[in-house]
Amino acid sequence: MTEDGDTIAERKMRFLYALRSRGITDGRVLTAMERVDRGAFVKGLFAERAYEDTPLPIACGQTISQPSVVALMTQALSIQPRDRVLEVGTGSGYQAAVLAQLARRVYTIDRHRRLVREAEDIFRLLDLSNITAFTGDGSHGLPDQAPFDRILVTAAAEDPPGPLMAQLKVGGVMVVPVGQTDTVQTLIKVVRTDDGFEYEELRSVRFVPLVEGMASE
Ligand code: SAH
């Protein structure tokens, strides 16, 4: 029981209900969201609020995204079971854990070494052996592991980064928030076709900026 008198199970049920009411209809995505305990990725003061549909602060001045946005981005990627997926912006590791329920392999990269280490500890604890985490500047992608079937960027860029576009397979999908970093951004879906790229605007979002280079911790 919590202070409000509801159990964790009740909170989790409300969490899934909130996702459905926000337009998440893909059963596989809902199952993935149900399987991954967001509580494992939120520490300290904010742990109490892990099952609320809100972004929360994590280490290094970053944020764990709002669950309905995590679900929407995952749904927009329409991941197939054999897919290799790249996530730029590991943060807490929560989004990578959700992707790992649906894909064959997930590569995730963050510019903060500390966040990558902490996320790796949780992946190990939860037995998520199909995630590989890297520290580095993800705006260059991961040339050694490319090309990818799906790419998800969880930090806002002014434009979809060129190296990431180049590392997307034909038929592949990338989801990325774009726009001026401090204002509202637009989440866009990019599909690579035989002769170019197709773009679709999904909704307004607000993410921390994609920053060049490695961070100091
Ligand atoms: N997906 C995360 C939330 C990401 S917050 C989760 O599920 O918790 C955005 C993350 O992008 C931050 O951790 C930030 O350090 C990272 N980031 C910003 N610019 C980056 C870059 N160029 N390369 C890699 N990671 C970057």
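This passage looks at the nonpolar cores, one helix pair and a few backbone features of a predicted model. Residues are numbered from 1 along each chain as its sequence is written, and side-chain values use heavy atoms, with hydrogens and water left out. Local features need pLDDT of at least 70 and side-chain atom pairs count only at pLDDT 80 or more, whereas totals for chains, interfaces and linings use all residues.

We can start with the interior. The largest nonpolar core (buried Ala, Val, Leu, Ile, Met, Phe, Trp, Tyr and Cys residues joined through side-chain atoms within 4.5 Å) has 51 residues. Buried here means under 20% relative accessible area, exposed over 50%, and partly exposed in between (1.4 Å probe, protein chains only). Leu19, Met33, Phe41, Tyr94, Phe123 and Val175 have the most contacts inside this core. Elements giving it two or more residues include α1 (8–21), α2 (27–35), α3 (67–77) and β7 (168–178); helices (H or I, at least four residues) and strands (E, at least two) are DSSP runs, numbered from the N terminus. The largest share, seven residues, comes from α3. A second, separate core of 16 residues includes Leu164, Leu168, Val176 and Val190.

Val176 lies in strand β7 and counts as buried because its relative accessibility is 0%. Beyond its neighbours within four places in sequence, Val176 is in contact (heavy atoms within 4.5 Å) with Val153, Pro160, Thr186, Leu187 and Ile188.

Turning to the helix pair, the axes of α1 and α2 come within 10 Å and cross at roughly 155°. Axes are lines fitted to C-alpha atoms, for helices over the stretch in contact, and angles run from 0 to 180 degrees between N-to-C directions. The two helices are therefore roughly antiparallel, a label for angles over 145 degrees (under 35 is roughly parallel, 65 to 115 roughly perpendicular, and the rest oblique). Phe15, Leu16, Leu19 and Arg20 of α1 meet Leu30, Met33 and Glu34 of α2. Met33 also touches Pro67, Val70, Ala71, Tyr94 and Val98, among others.

Some backbone details are worth a look, as most residues other than glycine have a negative phi, and most peptide bonds are trans. The peptide bond from Ala146 to Pro147 is cis, with omega near 0°, and Pro147 sits in the loop between β5 and β6. Cys60, in the loop between β1 and β2, has a positive phi near 60° and is buried, with a relative accessible area of 17%. Ser78, in the loop between α3 and β3, has a positive phi of about 35° and is partly exposed at 33%.
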